[in-house]
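This report describes a structural model, moving from annotated spans to helix packing and then to contacts between chains and domains.

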Amino acid sequence: MLAYTARRLLIVLVTLLVASAIVFFVLEIVPGDPARLMLGLNATEDAVRALREQMGLNEPVLTRYLSWLSGMARGDFGESLTYSVPVTELIADRIVVSLPLALLALGLSTAIAIPVGIFTAARRGTRADTAAMAGTQLGIAIPNFWFALLLVYVFAVTLQWVPAGGFPGWDEGLWPGLRALILPAIALALPQAAILARVARSALLETLAEDYIRTARAKGLPANIVLWRHALRNAMIPVLTILGLQFAFLLAGTIIIENVFFLPGLGQLVFQAINQRDLIVVEGVVVLLVGTVVIVNFLVDLAYAWADPRLRRR
Amino acid sequence: MTAPILTIDKLDLAIGGVPILRSIDMVVEAGKVHALVGESGSGKSMTALTAMRLLPHGADAAGTLRFGDEDLLTATEERMCALRGDDIGMVFQEPMTALNPVKTIGEQVAEGIRWHTGANRPDAEARAAHMLERVGLPRARFPLDRYPHELSGGQRQRVVIAIACALRPKLLIADEPTTALDVVLQAQILDLLRELVAEDGMGLVLISHDLGVVAGMADDITILRRGEVQEAGHAVGVLRQQKHPYTQQLAEASAHVPQWAGRTKPADHWGLLEVQSLVRDYPGPRTGLFSRGEPFRAVDNVSFSVPPGRSVGLVGQSGCGKSTLARIVLALDKPTAGIVSFDGMETSRLNDHDAQMALARREMQVVFQDPYGSFNPRQTVERLVAEPLHLEEKPLSRTERRERIAFALEEVGMPADAMRRYPHEFSGGQRQRLAIARAIITRPKLVVCDEPVSALDVSIRAQILDLFAKLNDELGLAYLFITHDLTVARAITHEVMVMDHGRIVERGPTGELLDNPQTEAAQRLVAAAPDLNRAIEARIGNTMLHLPLEGRSATAEPRKAKPGAG
């Protein structure tokens, strides 16, 4: 198990290194001189040259990559071209919105999907199963921005339970912050929950047809106990895979949802940064997203090994 | 006469309206082995699952099925849960999949004990350890925290038996418990079951299609066909007298030896297939971040040759390296060292895109064990059978293709209209014929057969063996015939090679070698192989010996066999 974890960690580090290189060099070949962009069209050649010098853009590309990399390792992501503040600061301000939102959505989707998956698998072919599966179809088909608008109309405008948008900041206390995040989280979670529930159901059904389920039944365990004790853990592998992939989608999905709900999150930040060619901010956010996804997948790998002892020796 | 444990009386079963069992009668006594014999689809497993009340949805059973004084058909599900695993245990056919891969063997054996007795974890584990010890898995070598994947098939079947017998059930149902195992493991598992019956006095329902196994094990026998009892009675008597035509048919099929002209033809002196000093190592298990254990030598310095038109058997226990050797011969795997040459081409040095490789592949085809898994279910038989034709140098014209397919189908005894149909429309035996048609369509010189009849019923097996014999006669095919079944080796091979731990330890003409094995490995195989006649002789000998002591005179005389006689 220790060797397995060490090997996975090694893979994480290599992946991060490769990903950072790709991000850096892709943005490097994007046309446009950041110095010229910053100073505007009327800038003199001298000013541009001076700024290039100041920004270190005249150094060889490898030197710049390495200094960027070592900067990031120290938590220094550079300085935003448009806001002239450290990127780290910008990200820190936004991540306190985006990360809780993504985690809340992930928790919600899991909390909905797993029970639905178990319930429908245990009652396969019944009306409840058919109805729940039709519901998941709908959940997958509805675009989440439209569903978000519907939620706003019902719960914010009509019922006025929660605010329609904006974020008060965590300084106001936990509850106001959560209240502001609950609708966006539901909007993000619903399609994910629908997919996850279907995966959980089919994984469970497949597991329930295995020979060892029959062995467990022959021991005298009732069907529902067999489902919990023997089928569930075996059915977790595909569920974990989808969960890991979904986290990446959730982070990307926040871009739309944060705009619908006027949330000052990473999605909004990166959206604006792209519009303003603020490449340093884009680089920083992308590296952060890549890092998160890689780490989440590392955790999924560890969860695999927890779920299936056969993987521990690999 | 002991009291009956299980009494089945006029049991009918239908699943989704389709009748599966018709008026089954059967009585299982304590301390006795009752064999339930029949071919696939005869309803033997369904009879067992009815007794366990673990039938699929839509099943409808009628009649009586008494366990002691209780009618199992009308018992509540709650009551059945109390009986299952406690008073009635069941062992299944496929040990590789019968255990939960994510739970330790200790947990899995202890689970039933805890469930039924309410014992705490340490007590249940102590009992589990004791039971595992009894089935031959001592704690020192097989600690409770082992996972199923760390055990071999035979060891896993012992765990399944430990689960089933942990609470000393009155009735144990074993559904083909040794069919997936090689003969040596089979003999060990059968010995274990025999011991448990003798020591615990439980009744054993042994479901099997193998008359040799049954003859060596059973006290009573019920022979099923298409859901109906054909013959029932005292096992030795029924199998010796073979009064019922179906019993006779089964016995003949299981000892079937094809008559073919090529059988006595002398061998050529050159090797169509030449294997020299072949070695195949597999990397050892990972032991650290970058380190690996000792490599595992699956094939160890193997040399042999197969002359043209000759059928050479390769026998050995599972895990001895037979299949690895076959893969290398077929150029599906590269040897670590050594040479394979086929018809003058050194195939072990060729790459997949070499022109010679296509020629070699064309002249060397393969038939696998599983007639279900080896066909793509979404393709027509025409496409499936014609698959190897892409190996031809020049693409065939449409009519040539059709002719080739029609010829291949005719050779294997399938109608030409099979072309337009899909694999699921055919039975297991027919599919194996189609697999053979696919193998011969390129007019090969050698066909490697990897357990091609192991998954088939005895009567189908006899037909397929006849087909192999006929194709040897008509097309001059040479076979490398891999099997763990010595009866099959005897029926269809000129020579056999015995493989053990990656090495070929003995080779000789089939009859001579099997009658008089020289090496320990060969002797072990021969001794373990079930044989109907030998088993009956041994049983009669035993009965005679015990007769005067027990003073039972009626036992030696087989009970009059009458269908349905309880």
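## Annotated spans of chain A

In this predicted model, residues 181–200 of chain A are 100% helix and 0% strand, and the end C-alpha atoms of the span lie 26 Å apart. Residues 235–257 of chain A are likewise 100% helix and 0% strand, with 31 Å between the end C-alpha atoms. Both spans belong to the "transmembrane region" annotation of an unreviewed UniProt entry, which also covers residues 9–30, 95–119, 140–161 and 285–307 of chain A.

The UniProt record, an unreviewed entry, further places "domain: ABC transmembrane type-1" at residues 95–300 of chain A. That span is 83% helix and 0% strand, and its end C-alpha atoms lie 22 Å apart.

The values for these three spans of chain A are collected below.

| Span of chain A | Distance between end C-alpha atoms | Helix | Strand |
|---|---|---|---|
| Residues 181–200 | 26 Å | 100% | 0% |
| Residues 235–257 | 31 Å | 100% | 0% |
| Residues 95–300 | 22 Å | 83% | 0% |

## Fold and helix packing in chain A

Chain A contains 12 helices and zero strands, so that its pattern along the sequence reads α-α-α-α-α-α-α-α-α-α-α-α. The C-alpha trace of chain A spans about 85 × 55 × 35 Å along its principal axes.

Helix α5 (residues 87–122) of chain A packs against helix α6 (residues 127–141) of chain A at an angle of about 140°, and the two axes are 8 Å apart. With that angle, α5(A) is oblique to α6(A). The crossing of α5(A) and α6(A) is left-handed. On the α5(A) side the contact is made by A:V116, A:F119 and A:T120, and on the α6(A) side by A:D129, A:A132 and A:M133. By class, the contact of α5(A) with α6(A) has four nonpolar residues, one polar and one charged.

## The contact between chains A and B

Contacts between the chains involve 23 residues of chain A and 29 residues of chain B. On the chain A side, the elements that give two or more residues are α1 (2–29), α9 (211–218) and α10 (223–260). Of the elements of chain A, α9(A) gives the most to this side, with seven residues. The residues of chain A that touch chain B divide into nine nonpolar, four polar and 10 charged.

## Domains and helix packing in chain B

The domain assignment divides chain B into domain 1 (1–87 + 171–254 + 529–558), domain 2 (95–166) and domain 3 (271–284 + 292–516). Taken over C-alpha atoms, the centres of domain 1 and domain 2 of chain B are separated by 26 Å. The contact between them takes 11 residues from domain 1 of chain B and 12 residues from domain 2 of chain B. Helix α6 (residues 183–200) of chain B gives the most to the domain 1 side, with five residues. By class, the domain 1 side has eight nonpolar, two polar and one charged residues.

Elsewhere in chain B, helix α14 (residues 428–440) and helix α15 (residues 458–475) pack at an angle of about 20°, with their axes 10 Å apart. The helices α14(B) and α15(B) are therefore roughly parallel to each other. Their crossing is right-handed. In α14(B), B:G428, B:G429, B:Q432, B:R433, B:I436 and B:I440 meet B:I460, B:Q463, B:I464, B:L467, B:L471 and B:L475 of α15(B). By class, this contact has seven nonpolar, four polar and one charged residues.

How values were computed: Residues are numbered from 1 along each chain as its sequence is written. Chains are lettered from A and ligands numbered from 1 in the order in which they are written. This is a predicted model: local features need pLDDT of at least 70, side-chain atom pairs count only at pLDDT 80 or more; totals for chains, interfaces and linings use all residues. UniProt positions are given in the numbering used here, feature names are shortened, and annotations may be inferred rather than shown by experiment. Helices (H or I, at least four residues) and strands (E, at least two) are DSSP runs, numbered from the N terminus. Axes are lines fitted to C-alpha atoms, for helices over the stretch in contact, and angles run from 0 to 180 degrees between N-to-C directions. Angles under 35 degrees count as roughly parallel, over 145 as roughly antiparallel, 65 to 115 as roughly perpendicular and the rest as oblique. A crossing is left-handed if the near helix is turned anticlockwise from the far one by less than a right angle, and right-handed if clockwise. Two residues are in contact if their C-beta atoms, placed from the backbone, lie within 7 Å. Ala, Val, Leu, Ile, Met, Phe, Trp, Tyr, Cys and Pro count as nonpolar, Asp, Glu, Lys and Arg as charged, and the others, Gly among them, as polar. Domain bounds come from an automatic or database domain assignment.
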